[in-house]
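The following paragraphs lead through one protein model, moving from single residues to a sheet and then to the aromatic rings. Please keep the sequence and the structure in view while reading.

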Amino acid sequence: MRKLLPITLATSVLVAGSLLVAPGAQARENLPKEVYGGAWASGHVQGIAVDRAKGYMYFSFTNLLVKTDLKGKPVGSVSGFTGHVGDLDFNAKDGRVYGSLEYKEAKSFYIAIFDVDKIDRLGMDAETSGVVSTVYLKEVVGDYSADMDGDGKFDGDTGNTKDHRYGCSGIDGVAFGPEIGKGGKQRDGNTLTVAYGIYSNTSRQDNDHQVLLQYDVGQWKKYERPLTQEAPHTSGPSRVDGKYFVYTGNTTYGAQNLEYDPYTRTWMMAAYKGVKPGFPNYSLFTVDAKARPHKGVIKGQAKPERGLLLPLARHGLKDAATGVRGWESGGQYGLISLGDGRYYVSKNGTVVEDGVTKQTSNVTMYRWSGATPDPLAKVS
């Protein structure tokens, strides 16, 4: 199958605050407009990923990973997670699916790496099947467990506290894409970006940024360990390759889904809307992938702090009071860029079967329109 290439700058234009892309910029492969992820006795859908070459889609249902073909037929599943499986992304370079994995009570946060070629039946165990390996994220643990009020104790999994640096609740969004600060160009395909979850808390001012970490996963084999939930391991990189801050206003659990979109050359961050007064509380933010981060003050910190700041893309809605830009759109339950101006968006739902309430995911194809307030239009 022919690989789709990102558009060049010559094929896009900014008109009246909306990023429009010239039609016919790329040939489009024939993909289904809808994929049903099935009904499962699990948590709600958190994220999706697709392997277009082999024709499979992957769904994370909080404590369950499901593999289907592109007609929605279940192929296999991985169960037994006692933690929270979040957003997913497919790494075309090594053929594996990467996802966020949280164990908040244990103060342990991982990237879970699924050897998806081995997923060939339902009910495979996360610990014993040999399908799942994990890499520990020390940076996230440090921010999540930070004693910000200096009282000498950790307040646990709650947003109602001054603890948790930057309001960090762990991690959610994950996506492969270009190195930040390199002009939006992808190099070797090894760069993974991880987005913090951010607690909703309207009483503090130090939680108004999305926080993005970047890692080169090319050497991660040396860190990978089997999943051991009773005795969490701490094998992972000692430092990040980049840490960046995007001023959006407080959101409810941060960037639930993160995706790099080569068509618009932006990072897309889909969030549950925030509730903090004084902010527009958009549900989708886009970051200009071509922009270079600049060193500046991280707003709202109790002690003055500087970090690498990234600007929001200069399109979409704009809040005059804060300067924050964004959109009113979906993607919080799963978002995939197909690279040619089309996207898969997951919508969560429930059905009752034999008296049991089960979680569902309906994935629908959208296209980029660039219109406000919602830049994604359903493909008919």
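**A walk through the predicted model**

Asp 208 has its place in the loop between strand 14 (191-198) and strand 15 (209-216), in what is, it should be said at the outset, a predicted model. With a relative accessible area of 6%, Asp 208 is buried, because the limit for that class is under 20%. The side chain of Asp 208 is joined to that of Lys 276 by a polar contact of 2.7 Å. Once residues up to four places away in sequence are set aside, Asp 208 touches Val 246, Tyr 247, Thr 248, Gly 249, Asn 250, Lys 276 and Phe 279. One of these residues, Tyr 247, also takes part in a contact of another kind, since Lys 299 lies over the face of Tyr 247, at 4.1 Å from the ring centre. A comparable description applies to Tyr 56, where Lys 67 lies over the face of the ring, at 4.3 Å from its centre.

The next element to consider is a sheet. Three strands form it in the order 18-19-20, and this sheet is open, with antiparallel pairing. Strand 18 (252-261) and strand 20 (284-288) stand at the edges, and because each has a single partner strand, one side of each is left without a neighbour in the sheet. On average, and with direction ignored, neighbouring strands of this sheet are turned by 25 degrees against each other. Strand 18 pairs with strand 19 (residues 266-272) in the antiparallel sense over seven bridges, and within this pairing Thr 252 has Tyr 272 of strand 19 as its bridge partner.

Between strand 19 and strand 20 runs a loop that contains Asn 281, a residue with a positive phi of about 55 degrees although it is not a glycine. Most residues other than glycine have a negative phi, and most peptide bonds are trans. Asn 281 is buried, with a relative accessible area of 13%. Another positive phi in a residue other than glycine is found at Thr 62, where the value is near 70 degrees. Thr 62 belongs to the loop between strand 5 (56-60) and strand 6 (65-69), and its relative accessible area of 16% makes it buried. Where the peptide bond is concerned, Thr 372 and Pro 373 are joined in the cis form, with omega about 5 degrees, and Pro 373 is placed in the loop between strand 27 (356-368) and strand 28 (376-378).

Ser 337 brings the reader back to the first strand of the sheet. It is found in strand 25 (residues 335-337) and counts as buried at 11% relative accessibility. A polar atom of the side chain of Ser 337 lies 3.2 Å from the backbone nitrogen of Gly 339. Leaving aside neighbours within four places in sequence, Ser 337 is in contact with Glu 259, Tyr 260, Asp 261, Pro 262, Arg 342 and Tyr 343; among them, Glu 259, Tyr 260 and Asp 261 fall within the range of strand 18 (252-261).

Pro 226, by contrast, is exposed, with a relative accessible area of 52%, and is found in strand 16 (residues 225-226). Pro 226 and Val 132 are 94 residues apart in sequence, yet their C-alpha atoms are 6.3 Å apart in space. Apart from residues up to four places away in sequence, Pro 226 touches Val 132, Thr 134 and His 233.

The aromatic rings complete the picture, with a count of 16 aromatic pairs. One of them is formed by Tyr 272 and Tyr 333, which are 5.8 Å apart centre to centre with 50 degrees between the planes, a tilted arrangement. Tyr 272 lies in strand 19 and Tyr 333 in the loop between strand 24 (325-326) and strand 25, so the pair ties together parts that are 61 residues apart in sequence. Tyr 333 counts as partly exposed at 22% relative accessibility. The rings of Trp 327 and Trp 368 have their centres 5.6 Å apart and their planes at 75 degrees, so this pair is edge-to-face. It links distant parts of the chain, with Trp 327 in the loop between strand 24 and strand 25 and Trp 368 in strand 27, 41 residues apart, and both Trp 327 and Trp 368 are buried. Elsewhere, Tyr 103, Tyr 110 and Tyr 136 are linked by ring pairs into a cluster.

Methods: Residues numbered from 1 in each chain as written. Predicted model: local features only at pLDDT ≥ 70, side-chain atom pairs only at ≥ 80, totals over all residues. Heavy atoms only, no water. Helix = DSSP H or I, 4+ residues; strand = E, 2+ residues; numbered from the N terminus. Buried < 20%, exposed > 50% of the residue type's maximum accessible area, 1.4 Å probe, protein only. Polar contact = N/O pair within 3.5 Å; in protein donor to acceptor, adjacent residues only side chain to side chain. Contact = heavy atoms within 4.5 Å. Pairing = 2+ DSSP bridges. Axes fitted to C-alpha atoms, helices over the stretch in contact; angles between N-to-C directions. Phe/Tyr/Trp six-rings, centres within 6.5 Å; stacked < 30°, edge-to-face > 60°. Lys NZ or Arg CZ within 6 Å of the ring centre and 35° of its normal.
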